[in-house]
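Below are some notes on the aromatic contacts and the disulfide. They are set out as numbered points.

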Amino acid sequence: YLHMKKLLVIIVLGLLWSGNAYANDIKDIQIEGMSIGDSLLDYYPEEEIKKGFPENWSYKNKTYQNTYLHKNNSHKNLKKYETVQVNYKTKDKNYTIVSLEGIVGMGFKECLKEKEVALESVKPFLVGVKYIGGGTKKHSYDKTGDSKVDNTIFEFKLKGRFVLECTDWSDKLTSSKGWADIFKVRLYTKKFDKFLLRAY
């Protein structure tokens, strides 16, 4: 438990606050050196980006595409996270980042405890950023209602949100798709947030 607590604090503090004491804009925060609004091509070649497309899952609404970058499986090895998920507009040849998610595998109950530790570690940097709320609800992907997601959400004045999130996939989805429970640190634009409401 102590090892995991240290791991999570390190991971969340691994977010980079771009030269500011506090984050005033979603673009002030970086995950693995990348920020909302950057071109993913500045960090990864297009061939590698396309290799990260999910094989058995994508949005029904094709406005946006996602790709996965895995630790020790790319030319730019991830330092803080096991996986980073990146979203961008499907037809955007510049691959402009609209969402970044740092991901670590973790059981749901443990994640809820560790999320609180992580939250305390980042609060000093979020002075002036609006707390939206959070809590546990049914995951919108799973129409059976058996999967859960718990999040804590902060909203920036300049069109973005920062979220600490735990996901508890149902036993059925874990068995059929191999999806494990995870902890996420998420950054995304408000436009992408609205898209997610109809993505599935």
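1. Two rings of Phe, Tyr or Trp (for Trp, the six-membered ring) are taken as a pair if their centres lie within 6.5 Å; planes under 30 degrees apart make the pair stacked, over 60 edge-to-face, and the rest tilted. The model is a predicted one. On that criterion, 11 aromatic pairs are present.

2. One of the pairs is Y59 with F195. The ring centres are 5.1 Å apart and the planes stand at 90°, which makes the contact edge-to-face. In sequence the partners are 136 residues apart: Y59 sits in the loop between α2 (46–51) and β3 (64–70), while F195 belongs to helix α5 (residues 190–196). The pair thus links distant parts of the chain.

3. Are these two residues buried or exposed? Y59 has 4% relative accessibility and therefore counts as buried. F195 is also buried, at 0% relative accessibility. The cut-off applied here is under 20% relative accessible area.

4. The contact between Y59 and F195 belongs to a wider group. Y59, Y64, F192 and F195 make up one aromatic cluster.

5. A second pair to look at is Y131 with F154. Here the centres are 5.5 Å apart and the planes meet at 55°, so the pair is classed as tilted. Y131 is in strand β6 (residues 130–138) and F154 in strand β7 (residues 148–156), so the contact ties together parts that are 23 residues apart in sequence.

6. The two partners of the tilted pair fall into opposite accessibility classes: Y131 counts as exposed at 53% relative accessibility, whereas F154 is buried with a relative accessible area of 6%. Y131 is classed as exposed because its value is over 50%.

7. How many disulfides does the structure hold? There is 1, and it joins C111 to C166 with an S to S distance of 2.1 Å. The torsion about the S-S bond is about -85°, so this disulfide is left-handed.

8. The disulfide also links distant parts of the chain, with C111 in helix α3 (residues 108–122) and C166 in strand β8 (residues 160–168), 55 residues apart. As for accessibility, C111 counts as buried at 0%, and C166 is buried with a relative accessible area of 0%.

Terms used: Residues are numbered from 1 along each chain as its sequence is written. This is a predicted model: local features need pLDDT of at least 70, side-chain atom pairs count only at pLDDT 80 or more; totals for chains, interfaces and linings use all residues. Side-chain values use heavy atoms; hydrogens and water are left out. Helices (H or I, at least four residues) and strands (E, at least two) are DSSP runs, numbered from the N terminus. Buried means under 20% relative accessible area, exposed over 50%, partly exposed in between (1.4 Å probe, protein chains only). A disulfide is a pair of cysteine sulfur atoms within 2.5 Å.
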